[in-house]
Amino acid sequence: MPYRNHRWFTPSAQPEAEILEVYRTTDQFYQEANYREAHDRHCEWYRSCALQHQQELQKMRGDINLFKWFCRR
């Protein structure tokens, strides 16, 4: 018989604990990736908001201060 010396391998089932560990690690990776992406979006929003406020402040500094007129001493 030609198959006499041939070994047959059956795939061994992974233990459930190992499967759950892989799932947990994958889930943690995606949570971390989502957290970092949300943090980057927040930082970009904060930068643009701060820049806008700085521009508005410079504009306000050039305006006439009406409150100073009413509080003359």
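I take helices and strands as DSSP runs, with at least four residues for a helix and at least two for a strand, numbered from the N terminus. The model I examined is predicted.

**Entry 1. Secondary structure**

I looked up the elements of the chain and found two helices and zero strands. Helix H1 spans 16–62 and helix H2 spans 66–70, with a loop between them.

**Entry 2. Exposure of the chain**

I then asked what share of the chain is buried. Buried residues amount to 1% of the 73 residues. The chain exposes about 8,200 Å², and I note that carbon and sulfur atoms supply 58% of this area.

**Entry 3. Cysteines**

I checked for disulfides, and the count is zero. I recorded the accessibility of two cysteines. Cys49 has a relative accessibility of 19% and, because the cut-off for buried is under 20%, counts as buried. Cys43 stands at 23% and is partly exposed.

**Entry 4. Salt bridges**

How many salt bridges does the structure hold? I find four, and I examined several of them in turn.

I began with Glu21, which forms a salt bridge with Arg24; their closest N and O atoms are 2.9 Å apart. The two residues are three apart in helix H1, so about one helical turn separates them. Glu21 is partly exposed at 38% relative accessibility, and Arg24 is also partly exposed, at 42%.

I turned next to Glu32, which forms a salt bridge with Arg36 at 2.8 Å between the closest N and O atoms. Both residues belong to helix H1 and are four residues apart, about one turn of the helix. Glu32 has a relative accessible area of 36% and is partly exposed. Arg36 reaches 52%; because exposed means over 50%, I class Arg36 as exposed.

I also looked up Glu37, whose salt bridge with Arg41 has its closest N and O atoms 3.2 Å apart. This pair likewise lies in helix H1, with four residues from one partner to the other, about one turn. Glu37 is partly exposed at 44%, whereas Arg41 counts as exposed at 51%.

**Entry 5. Aromatic pairs**

I searched for aromatic pairs and found two. In one of them, Phe29 and Tyr30, the ring centres are 5.4 Å apart and the planes stand at 75 degrees, so I record the pair as edge-to-face. The angle decides the label, because planes over 60 degrees apart count as edge-to-face. Are these two rings on buried or exposed residues? Phe29 is exposed at 54% relative accessibility, and Tyr30 is exposed with a relative accessible area of 51%.

**Entry 6. Nonpolar surface patch**

Which residues make the nonpolar surface patch of about 570 Å²? I find Ile64, Leu66, Trp69 and Phe70. I located Ile64 in the loop between helix H1 and helix H2. Its relative accessible area is 67%, so Ile64 is exposed. A patch residue needs over 30% relative accessible area, and Ile64 therefore passes that cut-off at 67%.

**Entry 7. Summary of the record**

I close with the points I would look up again. The chain has two helices and zero strands, and buried residues make up 1% of it. In helix H1, Glu32 and Arg36 are about one turn apart, as are Glu37 and Arg41. The loop after helix H1 holds Ile64, which contributes to the nonpolar patch.

How values were computed: Residues numbered from 1 in each chain as written. Predicted model: local features only at pLDDT ≥ 70, side-chain atom pairs only at ≥ 80, totals over all residues. Heavy atoms only, no water. Patch = residues over 30% accessible without salt bridge, like charges linked within 9 Å, V, L, I, M, F, W, Y side chains within 5 Å. Areas by Shrake-Rupley, 256 points an atom, 1.4 Å probe, with all protein chains shown as cover. Salt bridge = Lys/Arg side-chain N within 4 Å of Asp/Glu carboxyl O. Buried < 20%, exposed > 50% of the residue type's maximum accessible area, 1.4 Å probe, protein only. Phe/Tyr/Trp six-rings, centres within 6.5 Å; stacked < 30°, edge-to-face > 60°. Disulfide = S-S within 2.5 Å.
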